[in-house]
Every structure is written in structure tokens, then in C-alpha cells.
Amino acid sequence: MFRASQYIDFNSGTVKIQPMDLSRDRPSPRSPDDMLDLFECRVDVWQLGPAVEILKAIEAHAAFGASVWSHTAYALMAVLFTYFEMIGKTLNPNSRPRGTASPDFNYGFCDVYPAFDIASGDRSDNSLPDVCGFRDRVRNGLYHLGYTKGNLFIHNEPRTRIPDDFFVDRSGQQPLYLVNPHQMTRTIVAHFPSFMNRLRDRGGQFEDLQARFKRFFEEFHGLRS
């Protein structure tokens, strides 16, 4: 079972509110709440919803070894790996529309997977070599080369064998980077509400984050309110 959403039923695949309908219902000038609603709707319906449907189809065909669905977790990475950089554009205080992709990704990845945040807030590649390793092999491979890079292993081993969505195996001569797209999908879908809760918080704790989101929504994407 997946979490609840006001925009989509992840378990049935039914869209409750179409992003384009919501956009027409919230014409400019848009309030901060309008921007948050539009963003959440688009992410839930356009990105997370399709990823969940791919995952459900993969697992429904698990008994058919020769099926193409046995090899479709690769597509999940292509659909979802932008999530880290997307939220990182708001989380990174120094983010810009271009030129900050690496730290943006690192900020987002560490927010979803805080166990990798070994540098206590330093999001540089030198301080986060494992995060850099996954980003280079998956994100850079897919979006720069159209193909993942070497020493990357995509799997769906049970958590009793490999408990983490992302794991670096250093038992050989070279490190092997292991990714479980099945569990990664569930983790990202579950994570998104925590990000939205911070953006909607009115206690004053996240005012800087909220200001950066407004800039991300308006300036970075040309969506002036």
C-alpha cells in the first residue's frame, strides 16, 4: 500500500485532480499556497504516479522470467532520479538555475537518505564520495550519455541480504554501486510529503526554505505568479 494523496490514488492509479485542470483553476497571480498545490500535484501525478505504476507492473510480472518487465527497473531510475536534484534546487541555499547541479543533487539525496550525510551539512563531492559515485553513474550517465556508467548493479534483492536502497560494496578490487529501484521508488514516494510539510509550515522555522521554493517555482521555471 502506498501513502494517500489528494491528487492521485497511488494504489489504484486513479488521478483525482489533473495538473492542467488545477493550473487553470489557479490562474496568475498565484499565491504561495497555489504554487505549492501546483507543484505537489505535478510531482505526484506526473512523476511519482507513473513510477508507481511501472513498479506495480514489474512486480505483477515477477513470475514471468522472460518478460521485459523483469528488466524495467532501469526505467524507474530514468523516471525518478531527477527527484533528488529537483528538491535539492530548493534545499541548496546556493542553488542557481544552472551550474549547481552537483550540489543540488547532493542536497536532495542526503535529504532522502540522511545516512549518506556523513559530512554534517557539507554537500561537496569531496565530502560525499559515495553520493558523488551514485550521481555520476546513474544521473550523469542517464542524462549526459543516455546510459548508466560502469560498476553499477541494479537489483531487487531482499532486505535481509541488502537492506539499503543504495549500497557500496567494497569487497572487491573496485567498489560496486548497488541500487534497488523497487525500494527506491517506495522511499521517494514516502519522502515527498515530508518535503511538502516543511514548505507549508507556518511556524517560521522554514522561512528560508519557503523563499527558495518561491524562487525555484517562479524564476527557475519562468512561472511568475
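Where is the place of P29? Select P29 in this predicted model, and you will find this residue in the loop between α1, which covers residues 19-25, and α2, which covers residues 32-60. While you are there, show the backbone of S28 as well, for S28 and P29 are joined by a cis peptide bond, with an omega of about 0 degrees.

Next, move along the chain to N151, whose place is in the loop between α6 and β3. The phi angle of N151 is near 60 degrees, which is a positive value in a residue other than glycine. If you turn on the surface at this point, bear in mind that N151 has a relative accessibility of 30% and, because partly exposed covers values between 20% and 50%, N151 counts as partly exposed.

From this loop, go on to the sheet, and select its three strands, which form an open sheet with mixed pairing in the order β3-β5-β4. The edges are taken by β3 (152-154) and β4 (166-169), and each of these has a single partner strand, so one side of each is left without a neighbour in the sheet. From one strand to the next, the twist averages 25 degrees.

Now select β4 together with β5, residues 176-179, to see two strands that run antiparallel and are joined by four bridges. Within this pair, V168 can be picked out opposite Y177 of β5.

Finally, add helix α6, residues 129-145, which packs on the sheet and touches β3, β4 and β5. Looking at α6 and β5 together, you can compare their directions, which make an angle of about 75 degrees.

Conventions: Residues are numbered from 1 along each chain as its sequence is written. This is a predicted model: local features need pLDDT of at least 70, side-chain atom pairs count only at pLDDT 80 or more; totals for chains, interfaces and linings use all residues. Side-chain values use heavy atoms; hydrogens and water are left out. Two strands pair if DSSP finds at least two bridges between them. Axes are lines fitted to C-alpha atoms, for helices over the stretch in contact, and angles run from 0 to 180 degrees between N-to-C directions. Contact means heavy atoms within 4.5 Å. Buried means under 20% relative accessible area, exposed over 50%, partly exposed in between (1.4 Å probe, protein chains only).
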